Amino acid sequence: MFQLRWVWARMEGYHGRYIFALFGSVLIAASQLMGSLITAQIMDTVFNPIQSGTPVTEQLVKTLIFWLILLVGFTLLRTSFTYGVVMTYEHCSQQLTYRLRRDLYKNMQEQDMRFYSKNRTGDLMTRLTGDMDMIRHTVCWVIRQLLECIVLFLTTTICFLIADWLFALTLLAVTPFIFLITKRFAKRIGPMYVDLRERLSQMNTGAQENISGNRVVKAFAREDYENEQFDQKNEAFKKANLAATMTWLRYSPILDALSQSLAVSVLLVGGIFLITGRISIGTFTLFNSLSWTLTNPMRMLGMHINDLQRFFASASKIIELYYARSTIITRTDATPVLGRVKGKVTFSHAGLKLDGTQVLSDIDLTINPGETVAIMGPTGSGKTSLINLIPRFFDATEGKVLVDDTPVGMMPLHDLRRSIGIATQDVFLFSDTVDGNIAYGDSTLSEEEVKRYAKMASVDFAEKLTDGFDTLIGERGTGLSGGQKQRIALARALAVRPSILILDDTTSAVDLETEKEIQNALDSLDFPCTKIFIAQRISTTKRADKIVILDGGRIVQYGTHDELKEQPGYYREVYLLQNGMTE
Ligand SMILES: Nc1ncnc2c1ncn2[C@@H]1O[C@H](COP(=O)(O)OP(=O)(O)OP(=O)(O)O)[C@@H](O)[C@H]1O
């Protein structure tokens, strides 16, 4: 039930309107009886006397016209009011889901790398779409229907008790059974919807991964395998769905039969009472025409309970995401960065442990403003992890990382990251133009400026694309080569004129000629910049002021190209290998 309280709290500013809608529902449901009450009146005051032989007088006709006008007028009024109430429900629910989506999306933007490595994209998408829609559906439909069911049931009961208490009690005898069955059903179906929700998320995740990785699937001709994998998830979802539906179907006929027994009771008991003169024909008509207002709520109750259980499962997932908190946040005592960062980067006995694995240990390194430092080392030696500590993608678990002698944790996250231009190993380009991708970090850049940074990163190929810099490129830069994508990513990193430029193997897919051009451009940037790059080519690293060799998460060698190529070790081995020499 806490889910309902939570949703209510999120509707701040709309409480009044929602209460009006709820109140409206009560009135609408209660007023459903009016039609039948008027009909009963017509029966008793007009038709019954005529049938008993009373002549049709002007007074009788007037009475009939009066009741008919009242009936039509009331129906029109009720319809208009219902329209207003339904619109209010819609408005409140749409506003609530708009807010929730906005807040959830904002919260997701603030999450750290751990969050994204633990939560699957398909699952997050399910929360933002299916789960969110379940909340909307509950707020604007399920609650309304439940309330109308309850009010309709209660008002009919009261009305029946007033009309004839014995007849009413005979009909109500089945209700305790209906409530007991509904309660049992709710208890059984609840966990089924939690399971169903999980299966849907798994199926969405599978589909999303398959779509993203379609090139790999095709390259390995694993379409059949992927189809089979998806089929398994699809099957699991179908089974979970069927299980829930079958449970509902098992209970539904019992509820239906019990509620239908009411209609029989009305005819049987009502008939006897009418013959024995206990009730009038009007009262009989009232019971007969209103018996559906007792049976309907009983039949619908199960369905609404069903929906409510789905809501609980979805809302729990949304609440979990709503309260997910990143451990990498701006501290309240962080000091804002005034002016431009100079670009000094210091690692002081820095270490990093990820999921129990010691990824980096005892890193001691100082990079002065404007220096160029190359990081090299075997695969998995911790190169990416090391540079990830600078923009706080991860926080060092031991020691410190400082920028301009201030621990990165003491700088506002936005100020820190704004000072850094980064091109990651796994290039990601947005579905936008080349121009839009380059200006991603600074949308105020003029066309000339974009072209200038593009030139620095050798994005000269863009001019030859169909629409030049206005060419749309896909989510993953479809239609571009690996090297072209890397160059756009580099231009994007340069375009923010960073104080610290971090390149993670950014020119690995670029030919040697282009790489040389890029390096020349990087050497003559028109803004002060500390350059830290991970590279495997000696042609790239030899121009660096310092070269850091990592192995097993530790710095094992440190020096200039000329120093390291003479020292036995990893750098010399790579140097000899790449120059076609051996010891
Ligand atoms: N989120 C994580 N959880 C646990 N271990 C991780 C995580 N990320 C990286 N590692 C481990 O940390 C080690 C260093 O990884 P890192 O990506 O920094 O290496 P690298 O030197 O950049 O490798 P490559 O040259 O292949 O890019 C690896 O053994 C990797 O398995």
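Okay, one definition before anything else: I'll call a residue near the ligand if its C-beta atom, placed from the backbone, lies within 6 Å of it. Keep in mind that this is a predicted model.

So, which residues come nearest to the ligand? There are 14 residues around the ligand, and Leu354, Thr379, Lys383, Thr384 and Ser385 come nearest. Strand E2, residues 357-367, and helix H11, residues 383-388, each put at least two residues into that shell. H11 gives the most, with three residues. As for chemistry, the shell splits into 10 polar residues, two charged and two nonpolar.

Next, the membrane question. An unreviewed UniProt entry lists residues 64-86, 134-154, 160-182 and 262-287 under "transmembrane region". What does the model show for two of those spans? Residues 134-154 are 100% helix and 0% strand, with end C-alpha atoms 28 Å apart. Residues 160-182 are 87% helix and 0% strand, and there the end C-alpha atoms are 23 Å apart.

Now look at helix H5, which runs over residues 121-163. H5 has 43 residues and reaches 60 Å from its first C-alpha to its last, close to the 63 Å you'd expect at 1.5 Å a residue. H5 also has a kink of about 45 degrees, centred on Thr138.

Let's jump along the chain to helix H15, residues 482-494. With 13 residues at 1.5 Å a residue, H15 should span 18 Å, and its end C-alpha atoms are 18 Å apart, so that agrees. Is H15 mostly covered or mostly open? Mostly covered: 11 of its 13 residues are buried. Among the buried ones are Gln484, Ile488 and Leu490. And what does the covering? The list includes strand E6 (420-423), helix H13 (434-438), helix H14 (447-456), strand E9 (500-504) and helix H16 (512-523).

Last stop, two backbone oddities. Most residues other than glycine have a negative phi. Arg497, though not a glycine, has a positive phi of about 45 degrees, and Arg497 sits in the loop between H15 and E9. Asp505 isn't a glycine either, and its phi is positive too, about 55 degrees. You'll find Asp505 in the loop between E9 and H16.

Are these two buried or partly exposed? The cut-off for buried is 20 or more other C-beta atoms within 10 Å. Asp505 has 21, so Asp505 is buried. Arg497 has 19, so Arg497 counts as partly exposed.

That's my tour, thanks!

Definitions and conventions:
Residues numbered from 1 in each chain as written. Predicted model: local features only at pLDDT ≥ 70, side-chain atom pairs only at ≥ 80, totals over all residues. Helix = DSSP H or I, 4+ residues; strand = E, 2+ residues; numbered from the N terminus. Expected span 1.5 Å × (residues − 1). Buried ≥ 20, exposed ≤ 12 C-beta atoms within 10 Å, placed from the backbone. Contact = placed C-beta atoms within 7 Å. UniProt positions renumbered as here; feature names shortened; annotations may be inferred. Nonpolar A, V, L, I, M, F, W, Y, C, P; charged D, E, K, R; others polar. Bend = angle between axes of the 7 residues up to and from the residue.
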